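The following paragraphs lead the reader through a protein structure, from its local pairings to its overall composition. Please keep the sequence and the model in view while reading.

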Amino acid sequence: MEQGSSGSDGHPGGGARQRELERTAEVLVTGEQLRLRLHEEKVIKDRRHHLKTYPNCFVAKELVDWLLAHKEASDRETAVRLMQKLADRGIIHHVCDEHKEFKDAKLLYRFRKDDGTFPLDGEVKACVRGQRLYEKLMSPDCALLQPREEDGVRYERTFVASELLDWLVQEGEATTRPEAEQLCRRLVEQGIVQHVSGKRPFTDSNLLCQFRTNFRRRRRLMELLSEPTPGAPDTHDSPFCPRRQSHDARKATSFVSVSPSKEIKVASVGRRSSLSSGGSSGYFSSSPTLGSSPPVLCNPKSVLKRPVTSEELLSPGAPYARKTFTIVGDAVGWGFVVRGSKPCHIQAVDPSGPAAAAGMKTGTC
């Protein structure tokens, strides 16, 4: 949680509802960090059972083994309790919804974000929107979040309310200033943003505010069984951008982070063949192809094997196939990055995003 240097471990004016909203945000962020790690480790993948393929799922017993091996749980019973916390919040579920309880058995479960069934109620939408805004505000190009003082108390990563409204309109997050103010009020109601001391409501003024939740702090799964520890260490890396380490370092951990940039939104994707290669093994059922592919950093090279002109694509008899994709965006976006011009091409596809679910692949022109 973001706090001032006063060392207070609570937020004035919070109450039971405020604590519950904060707890919801913590569980959602913890679950998403775990989901990304499991994709990276290939614990989540397509599996067959009784002649049927279940995409993007994991075996409960194997996951419990993984949690123990990575010291995310002290014993199997604790691991089950941790995963039940995620099930209770609707973050994971049995692939056929036949078991409401998480069981340490050879049963298939899936993260709802991987099959599009995640319940986007008001609290979840506010958390997702808050996390996305937090990531943008924490980027190196944005200087809106700064240490500031109020009433002799120094607060970290604060913003001035009126300046944030200007930024929201400028960045296209809101079309008008009143709309931007309404968005900020929703974030306040859901416990994402607050006045630094929690004493004043959000207004279009020089009010000093900050995010209550530090979305970038790396969570341990064991935190789901206890109250968050005040003063947990921060990191300027984003836990929402996984990247492979070197082969030797994987034994310690296979998950580090890279700072997000405006050049590329997906931090780690598998290189796939270009359209001129005649296609590739159909990516989605939807296991991500992180594999041993090199990390994608800022401004990566084009994934196209060679430049292709619009005339070449449209000429009669050309070895290219025309295909129409219908992509239904989720609360985060559409899950792909376009680069180039005349023609443009798909540079990256989020393995768990709507674009991948629709069958889109990198290298498509």
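**From a strand pair to the whole chain**

In strand 12, His345 is the bridge partner of Arg339. The structure in which this pair is found is a predicted model. The pair belongs to an antiparallel arrangement in which strand 11, residues 336–340, and strand 12 are joined over 5 bridges. Strand 12 covers residues 344–349, and 5 of its 6 residues are buried, so this strand is largely enclosed by the rest of the structure.

The wider setting may now be described. The protein chain contains 8 helices and 12 strands. Of its 365 residues, 48% count as buried. Among contacts between residues at least 6 apart in sequence, 60% join residues at least 24 apart. One pair of residues that are distant in sequence is Arg23 and Thr213: they are separated by 190 residues along the chain, while their C-alpha atoms are 9.8 Å apart in space. Arg23 is a residue of helix 1, which spans residues 15–40. Is Arg23 buried or exposed? Its relative accessibility is 15%, and because the cut-off for a buried residue is under 20%, Arg23 counts as buried.

Attention turns next to the sheets. One open sheet consists of 4 strands in the order 1-2-4-3, with antiparallel pairing. Its edges are strand 1 (45–49) and strand 3 (92–94), each of which pairs on one side only. On average, neighbouring strands of this sheet are turned by 55° against each other, direction ignored. Helix 2, residues 60–69, packs on the sheet and touches strand 1, strand 2 and strand 4 (108–111). The direction of helix 2 makes about 25° with that of strand 2. Within the sheet, strand 1 and strand 2 (residues 52–59) run antiparallel and are joined by 4 bridges. Here His49 stands opposite Lys52 of strand 2.

Another open sheet of 4 strands has the order 5-6-8-7, and its pairing is antiparallel. Strand 5 (146–150) and strand 7 (193–195) are the edge strands, each pairing on one side only. The average turn between neighbouring strands of this sheet is 60°, direction ignored. Strand 7 pairs with strand 8, residues 208–211, in the antiparallel sense over 3 bridges. Val193 has Phe211 of strand 8 opposite to it. Helix 5, residues 161–170, lies across strand 5, strand 6 (153–160) and strand 8. With respect to strand 6, helix 5 runs at about 30°.

The packing of helices remains to be considered. Two packed helices are described by the angle between their axes and the distance between the axes. The axes of helix 4 (residues 122–137) and helix 6 (residues 177–189) come within 10 Å and cross at roughly 115°. Helix 4 is therefore roughly perpendicular to helix 6. The crossing of these two helices is left-handed. Which residues make the contact? Helix 4 contributes Ala126, Arg129, Gly130 and Leu133, whereas helix 6 contributes Leu183, Arg186 and Leu187. Sorted by class, the contact of helix 4 with helix 6 has 4 nonpolar, 1 polar and 2 charged residues.

Definitions and conventions:
Residues numbered from 1 in each chain as written. Predicted model: local features only at pLDDT ≥ 70, side-chain atom pairs only at ≥ 80, totals over all residues. Heavy atoms only, no water. Pairing = 2+ DSSP bridges. Axes fitted to C-alpha atoms, helices over the stretch in contact; angles between N-to-C directions. Contact = heavy atoms within 4.5 Å. Parallel < 35°, antiparallel > 145°, perpendicular 65-115°, else oblique. Left-handed = near helix turned anticlockwise from the far one by under 90°. Nonpolar A, V, L, I, M, F, W, Y, C, P; charged D, E, K, R; others polar. Buried < 20%, exposed > 50% of the residue type's maximum accessible area, 1.4 Å probe, protein only.
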